[in-house]
Amino acid sequence: MGFKRTKVGILGIGAIGSAISCLLKANTSLDLHFYNRTPKGTIKVLYNGIENEILVDDINNYNQELDWLIICLKEHQYNSATSTLLKLVRPHTKLVSIRNGLYHKEPLLEYTKEENILECIIDCPTQQKQDDIYQILRKPILTVPESRLARDFENLFQGENATIKQTFDFKTACWKKVCESATLGAILCLSGETCWVFQDDELLELYKTALKESIQVAIADGAKIEVDFIDKMIAKLLSYPPEKSSSMLTDRLNGKPIELDAKNGVIVERGKQNCIATPINDLFVKLLKKTNKKYFIL
Ligand SMILES: NC(=O)c1ccc[n+]([C@@H]2O[C@H](COP(=O)([O-])OP(=O)(O)OC[C@H]3O[C@@H](n4cnc5c(N)ncnc54)[C@H](OP(=O)(O)O)[C@@H]3O)[C@@H](O)[C@H]2O)c1
């Protein structure tokens with residue numbers, strides 16, 4: 001009997017979908033299939049100084065019986081993917097949702113059983129360079145809740161090109177990521193500038209104050225944030241190259257909707273529910289909603 005390769009679909013071939021495709025390509029026992037709104041012929045990723053090019057000759061083939069479907073969409077893109085998910089998700093297909101925000105499973109429960117869904121957050125600073133090349137700036141860290149599904153997911157990755165972390169407290173991990181990316185993203189998106197702006201003491205102070213506000217909401221919502229988290233985030237921020245962007249700024253500059261509900265929006269919403277005032281995030285949301293107005297009715 002022939003060896004059957006594991007069929008893995010990747011839905012959403014943007015920054016993160018391209019990075020994941022590049023990481024999984026190293027495992028030759030996988031049969032990869034790609035799904036994207038705009039058809040693509042190649043995926044190009046620059047990682048560790050090496051340019052990887054993956055030829056995509058069979059994009060959006062819905063006839064595949066996928067063992068895994070790895071969803072690399074932003075929260076606001078899930079609604080538009082309903083018909084694709086209905087075609088691709090079979091009773092045995094395991095779903096992995098890689099995105100920012102909280103409560104990843106909720107939008108997927110209409111397609112499969114809860115035990116087939118693995119939530120995942122990724123720390124993978126990625127920049128789009130010219131010609132659709134995505135550059136991975138640091139070794140990606142994928143964080144998933146500890147489970148048997150998580151162990152099976154970890155086995156899809158080979159070698160040392162990514163770190164898969166299993167955690168017993170996924171909620172805290174999600175909140176830390178939301179606090180970090182919403183604060184950095186809002187300041188860069190509103191200033192229209194990259195990380196060089198944090199050389200200005202006033203903006204560094206704004207980062208600290210906004211982060212503190214978000215952390216208060218996270219703690220009230222049940223996250224366990226360590227006392228030196230702000231210091232760690234400042235050290236990380238100051239280690240970034242001045243030209244580092246954020247996905248919110250990139251989306252704004254590219255004329256695409258920004259991921260507001262999954263970031264500052266969820267901080268404001270959870271703040272209200274937990275009676276924590278969020279004046280800075282309220283202001284961020286009020287201003288950033290305007291940039292999204294042309295895409296959504298808010
Ligand atoms: N970028 C980063 O460095 C980074 C880092 C950490 C975490 N994240 C998180 O990872 C998640 C994914 O972000 P991203 O930066 O990869 O987003 P992205 O670059 O915007 O990629 C999304 C991709 O999904 C495709 N898409 C959108 N709607 C679709 C649909 N209905 N059917 C099929 N394909 C569809 C888009 O296609 P088109 O080509 O047609 O636009 C695009 O290629 C987000 O939650 C983000 O916050 C990102």
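1. A residue counts as near the ligand if one of its heavy atoms lies within 4 Å of it. In this predicted model, 25 residues surround the ligand. The closest are I16, R37, T38, S80 and E259.

2. The make-up of this shell is mixed. Of the residues around the ligand, 10 are nonpolar, nine are polar and six are charged.

3. Several side chains place polar atoms beside oxygen atoms of the ligand. For E259, an N or O atom of the side chain is 2.5 Å from a ligand oxygen. For R37, the distance from a polar side-chain atom to an oxygen atom of the ligand is 2.9 Å, and for K74 the corresponding value is 3.0 Å. The ligand on its own has 900 Å² of accessible area, and the protein covers 90% of it.

4. The reader should next consider the division of the chain. The domain assignment gives domain 1, residues 6–168, and domain 2, residues 171–291. Each of these domains supplies at least three residues to the shell around the ligand. The C-alpha centres of domain 1 and domain 2 are 25 Å apart.

5. The two domains also touch one another. On the side of domain 1, 15 residues are in contact with 23 residues of domain 2. Between them, the domains bury about 1,600 Å², and 56% of this area is on carbon and sulfur atoms. Within domain 1, the residues that lose the most area to domain 2 are K74, N100 and L102, which together account for 34% of what that side buries.

6. Which charged and polar pairs link the domains? There are three salt bridges between domain 1 and domain 2, and five residue pairs are in polar contact across the interface. The side chains of K74 and D251 meet in a salt bridge, with an N to O distance of 2.6 Å.

7. K74 deserves a second look in the structure. A polar atom of the K74 side chain lies 3.0 Å from a ligand oxygen, the K74 side chain forms a salt bridge with D251, and K74 is among the residues of domain 1 that lose the most area to domain 2.

Technical notes: Residues are numbered from 1 along each chain as its sequence is written. This is a predicted model: local features need pLDDT of at least 70, side-chain atom pairs count only at pLDDT 80 or more; totals for chains, interfaces and linings use all residues. Side-chain values use heavy atoms; hydrogens and water are left out. A polar contact is a pair of N or O atoms within 3.5 Å; within protein, one must be able to donate a hydrogen and the other to accept it, and residues adjacent in sequence count only if both atoms are side-chain atoms. Accessible areas come from the Shrake-Rupley method with a 1.4 Å probe; for residues, only the protein chains shown count as cover. Ala, Val, Leu, Ile, Met, Phe, Trp, Tyr, Cys and Pro count as nonpolar, Asp, Glu, Lys and Arg as charged, and the others, Gly among them, as polar. Domain bounds come from an automatic or database domain assignment. Contact means heavy atoms within 4.5 Å. Buried area is the accessible area (1.4 Å probe) that two parts lose on being put together, summed over both. A salt bridge is a side-chain nitrogen of Lys or Arg within 4 Å of a carboxyl oxygen of Asp or Glu.
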